[in-house]
Structures are given as structure tokens and as C-alpha cells.
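Let's take a walk through a protein chain and see how its parts sit together. Have the structure open on your screen while you read.

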Amino acid sequence: MSDTEEKPQEERRMVAISIKPCDGVDAAALYEKIKKEITSQPEYKLKWDDECKIDGGRIRTSFSIALEADFDEEVMEVLECMEDEIAGQDIVFQSAME
């Protein structure tokens with residue numbers, strides 16, 4: 001591939017989520033733990049927002065992941081397994097970015 005040819009853009013999915021921490025769990029600390037521990041498969045290049053918004057005790061954030069990845073399996077199911085710290089999570093919005 002020459003320098004003048006463009007590399008094909010990787011198709012990605014953007015997902016906005018809301019996470020409700022369990023009572024007594026610090027939301028900001030929980031978000032840092034989520035970003036550190038939920039990394040997905042390397043080929044999916046999961047990327048979390050650097051910062052989150054904490055609104056009414058809920059963490060509001062987004063992430064992007066390769067379009068071919070099953071984000072439900074790669075992220076949402078892992079969040080469900082954190083039941084000692086997370087009371088619930090919702091998908092607010094998701095869209096393919098081309």
C-alpha cells in the first residue's frame with residue numbers, strides 16, 4: 001500500500017450506557033475499575049470514554065468497539081457479573097459508525 005492510498009477505516013460501534021452502582025459503592029472509583037478490568041478481546045479494540053458523568057448516582061458513559069464484536073457479550077455481560085458492585089445497567093443508545 002502506498003502512502004497516498006487510504007487505509008480502510010475499521011467499522012466501529014458506539015454504545016452509551018448507564019450504570020447504577022450498589023448502595024455504598026463510590027461511582028467514580030467503580031468507573032475506574034470498569035475501565036481497567038473490562039478490556040474485551042484485543043482485536044475488538046474496546047475504548048472507554050476517559051471520563052464519565054455521574055448523574056443521580058448513576059454512571060453515564062460510552063465506549064466504542066469493533067462492529068463485528070458482540071458488545072453485549074464483551075461488555076454488558078461482564079458488567080452483570082459485577083453484581084456485588086453494580087445494581088443495574090442499561091443501554092441508552094448504540095449505533096454503528098462507518
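Two strands count as paired if DSSP finds at least two bridges between them. With that in hand, look at S18: its bridge partner in strand 4 is R60. Keep in mind that you're looking at a predicted model.

**The overall layout**

The protein chain has two helices and five strands. Read from the N terminus, the elements go β-α-β-β-β-α-β. The C-alpha trace spans about 55 × 20 × 20 Å along its principal axes. Of the 98 residues in the chain, 37% are buried. The chain exposes about 6,400 Å², and carbon and sulfur atoms supply 45% of that. Now take the contacts with a separation of 6 or more: residues 24 or more positions apart account for 70% of them.

**Strand 1 and its partners**

Why can we call strand 1 largely enclosed by the rest of the structure? Because eight of its ten residues are buried. Strand 1 pairs with strand 4 in the antiparallel sense, over eight bridges. It also pairs with strand 5, again antiparallel, this time over ten bridges. For an example of that second pairing, find P21, whose bridge partner in strand 5 is I86. As a general picture to keep in your head, side chains in a regular strand alternate between the two faces of the sheet.

Let's zoom in on R12, which sits in strand 1. Is it buried or exposed? R12 has a relative accessible area of 13%, so it counts as buried, since the cut-off for that is under 20%. Its side chain has some polar company: one of its polar atoms lies 2.6 Å from the backbone oxygen of K45, and a polar contact of 2.9 Å joins it to the side chain of S64. Leaving aside neighbours within four places in sequence, R12 touches a whole list of residues, including Y44, K47, I65, L67 and M97.

**Helix 1 and the side it hides**

Which residues of helix 1 (residues 27-37) are buried? They are A27, L30, Y31 and I34. These residues cover an arc of only 100 degrees around the axis, so they sit on the same side of helix 1. There's a handy rule behind such patterns: an α-helix has 3.6 residues a turn, so residues three or four places apart point the same way.

What do the buried residues of helix 1 pack against? Their partners are strand 1 (12-21), strand 2 (47-48), strand 3 (53-55), strand 4 (58-66), helix 2 (71-81) and strand 5 (86-97). Check the start of helix 1 too: there, a side-chain oxygen of D26 reaches to within 3.4 Å of the backbone nitrogen of A28.

**The aromatic rings**

A search of the whole structure turns up three aromatic pairs. Two of them are listed here.

| Pair | Arrangement | Centre to centre | Angle between planes |
|---|---|---|---|
| Y31 and W48 | edge-to-face | 6.3 Å | 85 degrees |
| W48 and F63 | tilted | 5.1 Å | 55 degrees |

Y31 belongs to helix 1 and W48 to strand 2, so their pair ties together parts that are 17 residues apart in sequence. The pair of W48 and F63 links distant parts of the chain as well: W48 is in strand 2 and F63 in strand 4, 15 residues apart. Y31 is buried, with a relative accessible area of 1%. W48 counts as buried at 6% relative accessibility, and F63 is buried too. Put the ring pairs together and you get a cluster of Y31, W48, F63 and F71.

**Two stops in the loops**

Where is V25? Look in the loop between strand 1 and helix 1. V25 is partly exposed, with a relative accessible area of 26%. V25 and D84 are 59 residues apart in sequence, yet 9.2 Å apart in space, C-alpha to C-alpha. Setting aside neighbours within four places in sequence, V25 is in contact with L30, D84 and E85.

The other stop is E68, in the loop between strand 4 and helix 2. E68 is exposed, at 57% relative accessible area. E68 and E11 are 57 residues apart along the sequence and 8.1 Å apart in space, C-alpha to C-alpha.

How values were computed:
Residues are numbered from 1 along each chain as its sequence is written. This is a predicted model: local features need pLDDT of at least 70, side-chain atom pairs count only at pLDDT 80 or more; totals for chains, interfaces and linings use all residues. Side-chain values use heavy atoms; hydrogens and water are left out. Buried means under 20% relative accessible area, exposed over 50%, partly exposed in between (1.4 Å probe, protein chains only). Helices (H or I, at least four residues) and strands (E, at least two) are DSSP runs, numbered from the N terminus. The arc is that of the directions from the helix axis to the C-beta atoms. Contact means heavy atoms within 4.5 Å. A polar contact is a pair of N or O atoms within 3.5 Å; within protein, one must be able to donate a hydrogen and the other to accept it, and residues adjacent in sequence count only if both atoms are side-chain atoms. Rings of Phe, Tyr and Trp (its six-membered ring) pair if their centres lie within 6.5 Å; planes under 30 degrees apart count as stacked, over 60 as edge-to-face and the rest as tilted. Accessible areas come from the Shrake-Rupley method with a 1.4 Å probe; for residues, only the protein chains shown count as cover.
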